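Biologist: I would like a close look at one part of this chain, with a plain account of what surrounds it. Please start with a single residue and work outwards.

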Amino acid sequence: MTDHPAHQDSPDAAPADAPAHHSDDAESQAFRELLRGLRVWDVELPSFDPATAPAEPLPLFRQWLREAAEAGVPEPHTMTLATADAAGVPSVRTLMLHDADERGWHFASHRGSRKGRELAERPRAALGFYWPAVGRQVRVHGPVTAAGPEESAADLHRRSTGALAAALVGRQSEVLGSAQELARASEAAWERARREPEAPVPSWTLYVLHPEEVEFFQGDAQRRHVRLNYRYENGRWAQELLWP
């Protein structure tokens, strides 16, 4: 299944004062053709009957992540995290989900990283999961709180030696002088992580997003996508279907 535009604008339709880029016309056209030729959901997708959905979103999220893993999706716990700074300027990045429980969706970072600074200024965020092998997405948003130092340290030390080494390097989002500087810092961090598996990283912080809204999207080859949205209001979860 490929998507094709209903029509293509003529080059004559460009504004008269638009800058000319004749040198990259062929490259631009090839890139557009690449995008339009990419196949979307050309495998059999699972069905989803929202009438069978549980009353709360957490059990369904856990089920969908497990089914994505079983379908061969690599790193199904990978997600996008969107935050904003004090001026409302958004930023987004990819990171790993550490847990999802009755408190919310868990992830971690250094307090001094860009995401950490933005969460300190605006403690709200949105998460996005996409599992193409099953044509599913999950979107989560709500307020975020930072866990205390003991819980944050426990989160870090449950992870791999490589995760600890990366945390020990620190300085996330700061300007890097050279690749050699990173190599030296990383080598020292790996050595310490192996020697001290409980080495402290005071800046490491576990964050918990407390969901106010969770949307489950099941793709359909005929574009009859199913979108089930959970909203938390008046102490309970309400469900609604959304137009695709």
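Modeller: R223 has a relative accessibility of 31%, so it counts as partly exposed; the cut-offs are under 20% for buried and over 50% for exposed. Please keep in mind that this is a predicted model. R223 sits in the loop that joins strand β8 (213-218) to strand β9 (226-233). Its phi is near 70 degrees, which is positive although the residue is not glycine. In general, most residues other than glycine have a negative phi.

The next loop along, between β9 and β10 (236-242), holds N234. N234 also has a positive phi without being glycine, here near 55 degrees. With a relative accessible area of 80%, N234 is over the 50% cut-off and is therefore exposed.

Both residues fall in the stretch 204-244, where an unreviewed UniProt entry places the feature "domain: Pyridoxine 5'-phosphate oxidase dimerisation C-terminal". In the model this stretch is 66% strand and 0% helix, and the C-alpha atoms at its two ends are 39 Å apart. The same kind of record gives residues 66-188 as "domain: Pyridoxamine 5'-phosphate oxidase N-terminal", again from an unreviewed entry. That segment is 33% helix and 33% strand, with 36 Å between its end C-alpha atoms.

The C-terminal stretch opens with strand β7 (residues 204-209), and T205 belongs to this strand. What is the relative accessibility of T205, and does that make the residue buried or exposed? The value is 4%, under the 20% limit, so T205 counts as buried. Leaving out neighbours up to four places away in sequence, T205 is in contact with F107, A108, S109, R111, A146, A147 and S152. Of these, A108 is 97 residues away in sequence, yet the two C-alpha atoms are 5.5 Å apart. A108 belongs to β4 (105-110), and S152 belongs to α4 (149-157).

β4, α4 and β7 come up again around helix α5. The residues A163, L164, A165, A167 and L168 of α5 are buried. The buried residues of this helix pack against β4, α4, α6 and β7. An α-helix has 3.6 residues a turn, so residues three or four places apart point the same way. Directly after α5 comes G170, with a positive phi near 65 degrees.

The contact between α5 and α6 can be described further. Two packed helices are described by the angle between their axes and the distance between the axes. Helix α5 (residues 161-169) and helix α6 (residues 179-195) pack at about 130 degrees, and their axes are 8 Å apart. That angle lies outside the parallel, perpendicular and antiparallel ranges, so the pair is oblique. The crossing of α5 past α6 is right-handed. From α5, the residues in the contact are T161, G162, L164, A165, L168 and V169; from α6, they are L182, A185, S186, A189, W190, R192, A193 and R194. Sorted by class, the contact contains 9 nonpolar, 3 polar and 2 charged residues.

Now back to the loop where we began, which has a partner from the early part of the chain. L45 lies in the loop between α1 (25-37) and α2 (57-70). With a relative accessible area of 18%, under the 20% limit, L45 is buried. Beyond its neighbours within four places in sequence, L45 touches A133, V134, G135, Q218, G219, D220 and A221. Of these, Q218 is in β8, whereas G219, D220 and A221 are in the loop that also holds R223. L45 is 38 Å from A147, C-alpha to C-alpha, and 102 residues from it along the chain. A147 is one of the residues in contact with T205.

A133 has a further contact, with V73 in the loop between α2 and β1 (78-84). V73 touches A68, W131 and A133 once residues up to four places away are set aside. V73 and W131 are 58 residues apart along the chain, and their C-alpha atoms are separated by 6.4 Å. At 9% relative accessibility, V73 is under the 20% limit and therefore counts as buried.

As for the whole, the chain has 6 helices and 10 strands. Of its 244 residues, 33% are buried. Among contacts with a separation of 6 or more, 66% join residues 24 or more positions apart.

Methods. Residues are numbered from 1 along each chain as its sequence is written. This is a predicted model: local features need pLDDT of at least 70, side-chain atom pairs count only at pLDDT 80 or more; totals for chains, interfaces and linings use all residues. Side-chain values use heavy atoms; hydrogens and water are left out. UniProt positions are given in the numbering used here, feature names are shortened, and annotations may be inferred rather than shown by experiment. Helices (H or I, at least four residues) and strands (E, at least two) are DSSP runs, numbered from the N terminus. Axes are lines fitted to C-alpha atoms, for helices over the stretch in contact, and angles run from 0 to 180 degrees between N-to-C directions. Angles under 35 degrees count as roughly parallel, over 145 as roughly antiparallel, 65 to 115 as roughly perpendicular and the rest as oblique. A crossing is left-handed if the near helix is turned anticlockwise from the far one by less than a right angle, and right-handed if clockwise. Contact means heavy atoms within 4.5 Å. Ala, Val, Leu, Ile, Met, Phe, Trp, Tyr, Cys and Pro count as nonpolar, Asp, Glu, Lys and Arg as charged, and the others, Gly among them, as polar. Buried means under 20% relative accessible area, exposed over 50%, partly exposed in between (1.4 Å probe, protein chains only).
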